[in-house]
Amino acid sequence: MSALNEDIFDTPPEKSTLPPKEVVEEKEEIKPIEEIAPVEEKKPTKGKHKKKMSDERRAQLLENLKVGRERSKIKRQMTAAAKKIDKKNANKESEIQLKEKILKDLEDSKTHNQLNEEIADLKKKLKFIMEEKEKPKPKLEPIKEEKPKEEIKISPPLRPKSPVLPIPEPVVDKPKVRCYSVMRGYYYA
């Protein structure tokens, strides 16, 4: 054991990994450490990381937004003006349609009067025809020649000597075919 102890103490001591101690002189004043705000580390997010928008790009997007709003305002004003015009035109169109309807009714009444006149004419003609049919016509009888009637004898139908039976047709088995139906499923027909 003694040999082991000697070997241990003979080896030089290892250098320590600790930083060397600072020597503070008493003359120097110890300055307080400025408080630094703790830095919050952001947790990594899933998905794409967005790049920060440059000022040029932001200015361009704001300009596009401004132009778009101006255009939409102009379109809204145009549609409002068009609706006002349509309302005025609708009133004019309704007046025109009313006039056309009145004219059409007048034409219909004219055609109605014409139809009434035609009906009256047809009634007169029908009355005249009915009077003509009611007048008695002289009856003319055709001359009839008398012919002697011949008597025709009809004999009863002859009965067959033996009963005739129909010949049965031979029964042929059809091969079974596998069919499918939604309601019945698979079956053989």
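**Figure 1. The whole chain follows the pattern α-α-β-β along its sequence.** Welcome to this predicted model, which holds two helices and two strands. Of the 189 residues in the protein, buried ones make up 1%. The protein exposes about 22,800 Å², and carbon and sulfur atoms supply 58% of that area. The views that follow visit helix α2 and then the pair of strands.

**Figure 2. Lysines gather in a patch of positive charge on the surface.** The members to look for are K83, K84, K87, K88 and K92. K83 is a handy place to start, and you will find K83 in helix α2, which spans residues 55–134. K83 has a relative accessible area of 57%, so K83 counts as exposed, the cut-off being over 50%.

**Figure 3. Four residues form a nonpolar patch on the surface.** Here L98, I102, L103 and L106 come together, and their accessible area adds up to about 390 Å². I102, one of these four, sits in helix α2. With a relative accessibility of 47%, I102 is classed as partly exposed, because that class lies between the 20% and 50% limits.

**Figure 4. Strands β1 and β2 run antiparallel and are joined by four bridges.** Strand β1 covers residues 178–181, and strand β2 covers residues 185–188. To follow the pairing residue by residue, try C179, whose bridge partner in β2 is Y187.

**Figure 5. A hairpin links the two strands, β1 and β2.** Three residues make up the connection from β1 to β2. Take a moment to trace the chain from residues 178–181 of β1 to residues 185–188 of β2, the strands that close the α-α-β-β pattern.

How values were computed
Residues are numbered from 1 along each chain as its sequence is written. This is a predicted model: local features need pLDDT of at least 70, side-chain atom pairs count only at pLDDT 80 or more; totals for chains, interfaces and linings use all residues. Side-chain values use heavy atoms; hydrogens and water are left out. Patches are made of residues with over 30% relative accessible area and no salt bridge: like charges are joined within 9 Å, nonpolar side chains (Val, Leu, Ile, Met, Phe, Trp, Tyr) within 5 Å. Accessible areas come from the Shrake-Rupley method with a 1.4 Å probe; for residues, only the protein chains shown count as cover. A salt bridge is a side-chain nitrogen of Lys or Arg within 4 Å of a carboxyl oxygen of Asp or Glu. Lys and Arg count as positive and Asp and Glu as negative; His and the chain ends are not counted. The place of a charge is taken as NZ of Lys, CZ of Arg, CG of Asp or CD of Glu. Buried means under 20% relative accessible area, exposed over 50%, partly exposed in between (1.4 Å probe, protein chains only). Two strands pair if DSSP finds at least two bridges between them.
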